[in-house]
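User: Please take a close look at the largest pocket of this structure, and tell me what kinds of residues make up its lining. I am new to this structure, so a connected account would help.

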Amino acid sequence: MLDHYKDFLDRKKGRYLLGIFILLLVDIIQLSVPQILKRFTDSMQSATLTSSNIWKFAGIIAVLALVMAVLRYLWRIMIVFTALEFEIWTRKKLYRHWTGLPREFFNQTRTGENMSYATNDINTIRRTFSGGIIMSVDALFMTITTLFIMGTTVDWKLTLYAIIPMPFIVYGILKMGKIVHSRFRTVQEIFGELSDKVQESFSGISVIKAFAQEDLDLEDFNEKNMNSFRENMALAKIQARLFPTVRFIGRSSMIIGTLLGAKYVLDGNISLGDYVAFIKYLEIMVWPVMAIGMVTNLIQRGLASIKRVNEVLDTESSLYETDQPLTPKGYRLEVKDLDFTYPGEDKPALQDISFTLPEGGSLGIIGRTGSGKSTLIGLLLRLYNIDRGKVTLGEQDILDLSIEDTRELVALVPQDNFLFSTQIDKNIALSDVEVNEEKVIESAEDAHVHDEIMSFPKGYKTFLGERGVNLSGGQKQRTSIARMLYKNAPILILDDSLSAVDTKTEEAILRKLRRELKNHSSIIISHRISTLKDLDEILYMEEGRIIERGSHEELIALQGAYYKIYEKQLLEDKIRGTAYESL
């Protein structure tokens, strides 16, 4: 179960062991205090206690208290601080693992569930590796050592009588532990659903408001919120029964020890000092026995969280990655007999796709929604495995190249124009560690978004909201184009990246892009023929197949599906032009 964390634990086990050693020193010092009280009491009873002895006993206890305070600080640094490092390390490991998983994992996993892994579950694991370790070692050592000292220095029969209730604590805790484990796992899963609901509602708040669905959305949230409340209450009820019961049984030992111990003193079997020491030891031992309940609860929670996180870490990437990656000999792209079906689907998304994109050439793709255009781009970017067929880049099979190198060769303007919650210049310079301001401005000017960025009070330092919410659709598209131009990769891919800009702005951007595209291989997906007409070759796709191919003039001459779209868009442009003239 701890295989995923072995690297960290091996490196930090020295600090853990040192922390445990210091913790045991504190326990040993704590166990010596009743013996000091025993001698003090016996001295009082025998009338041999002097004023100097009183100050001596007080000084010893004060020094021990100071030493324990310092040692407690040290073991907290060793164990608690290391557990905090473990939390950071585990979260980083989980995040790194996520980034290596294929797209299909995120298609099948809720965002809120992943958020729950990275927050609640890892926090619980951290508490297990700090408080869980501390209380486990403390409880075990203190219980065994205290029992031994009580039995050997006071009276073993009295000790046995006093601890009669304690086995019931162990039995009850072990029985309840399994229930706590199951309940806590359910609580974490419900929390993931609640987080997913909140994330989805915030992302779609504009749609919710536009359709006046605030009340219905609130009702859905309240249902999930109440479900979370019910599961947490069920867990809390178990804990509410467990801890008072453990505390009551622990106090029962104190009652038995106090009454029987007094009788032993009256009968002359033990001294008054022994009695005081015995009661003090019982007080000390009540805490570790009660801690067993907390430790069990904490460990059960931790095991549940570790199991949940391990399920993610055990999820291996299905993407094929070669052990000995090759280097492409140029950037000529060739796709041959390519087929692809999404995992879990029956209907193929792509069938028998073949084309060649020479180095420095340009390729256009057009087709109805769902025809497989974006799926093809996903395969070229190695987001999915290739089912059948072959893709070569620079005369090398794309599967013989590393996934990272393949993606480094491509600059993409995605269909959803995703922007991050950071400054505009950092969004444009995403491919660089440090922002090249001059290059950012040049890229933005080529994408025709520079003037609009400069109209913001902070210009390129403007901080964008989630997914670039404070930009219009056209501004987001042009900022994404600027990001692509900034990367300056050998292969440029624009996936329907001009749909939110007007025709005039589109033409201006295309004029700039044509200058840039001369030095790059390019693939442009668009629903507008005006965007594609000057490209070397155009593919018309339908239901995952290439139906027509050729240059703009060749496709017009065919008078097929491409020609029909051309005629329709030509008519729309004429109507739009007539409408403008009449204004």
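Analyst: In this predicted model, the lining of the largest pocket divides by class into 22 nonpolar, 15 polar and 11 charged residues. The pocket that they surround has a volume of about 2,600 Å³, and of the 48 residues in its lining, those closest to the centre are Arg-103, Phe-106, Leu-383, Phe-418 and Phe-420. Several helices and one strand each supply at least two residues of this lining, among them α2 (51-99), α3 (103-108), α4 (111-162) and α5 (166-203), and further along the chain α9 (373-380), α10 (403-408), the strand β6 (410-413) and α14 (473-487) also contribute at least two each.

The enclosed space can be set beside this open pocket. A search of the whole structure finds 1 cavity of 30 Å³ or more, and about 60 Å³ of space lies in the largest cavity. Its lining has 8 nonpolar residues, 1 polar residue and no charged ones, and the residues in question are Leu-333, Leu-380, Leu-393, Ile-398, Thr-406, Val-410, Ile-491, Ile-493 and Ile-523.

A charged side chain elsewhere also deserves a look. Arg-308 lies in helix α8, which covers residues 272-313, and this arginine counts as buried because its relative accessibility is 1%, where the limit for buried is under 20%. The side chain of Arg-308 is joined to that of Asp-121 by a polar contact of 2.8 Å. Leaving aside residues up to four places away in sequence, Arg-308 touches Glu-113, Ser-116, Tyr-117, Asp-121, Arg-185, Gln-188 and Glu-189.

Definitions and conventions
Residues are numbered from 1 along each chain as its sequence is written. This is a predicted model: local features need pLDDT of at least 70, side-chain atom pairs count only at pLDDT 80 or more; totals for chains, interfaces and linings use all residues. Side-chain values use heavy atoms; hydrogens and water are left out. On a 1 Å grid over the protein atoms alone, a cavity is a set of points where a 1.4 Å probe fits but cannot get out, and a pocket is an open set with protein on both sides within 12 Å along at least five of seven lines; lining residues have an atom within 4 Å of a point. Grid points are joined across faces, edges and corners, and a volume is the space filled by probe spheres set on the points. Ala, Val, Leu, Ile, Met, Phe, Trp, Tyr, Cys and Pro count as nonpolar, Asp, Glu, Lys and Arg as charged, and the others, Gly among them, as polar. Helices (H or I, at least four residues) and strands (E, at least two) are DSSP runs, numbered from the N terminus. Buried means under 20% relative accessible area, exposed over 50%, partly exposed in between (1.4 Å probe, protein chains only). A polar contact is a pair of N or O atoms within 3.5 Å; within protein, one must be able to donate a hydrogen and the other to accept it, and residues adjacent in sequence count only if both atoms are side-chain atoms. Contact means heavy atoms within 4.5 Å.
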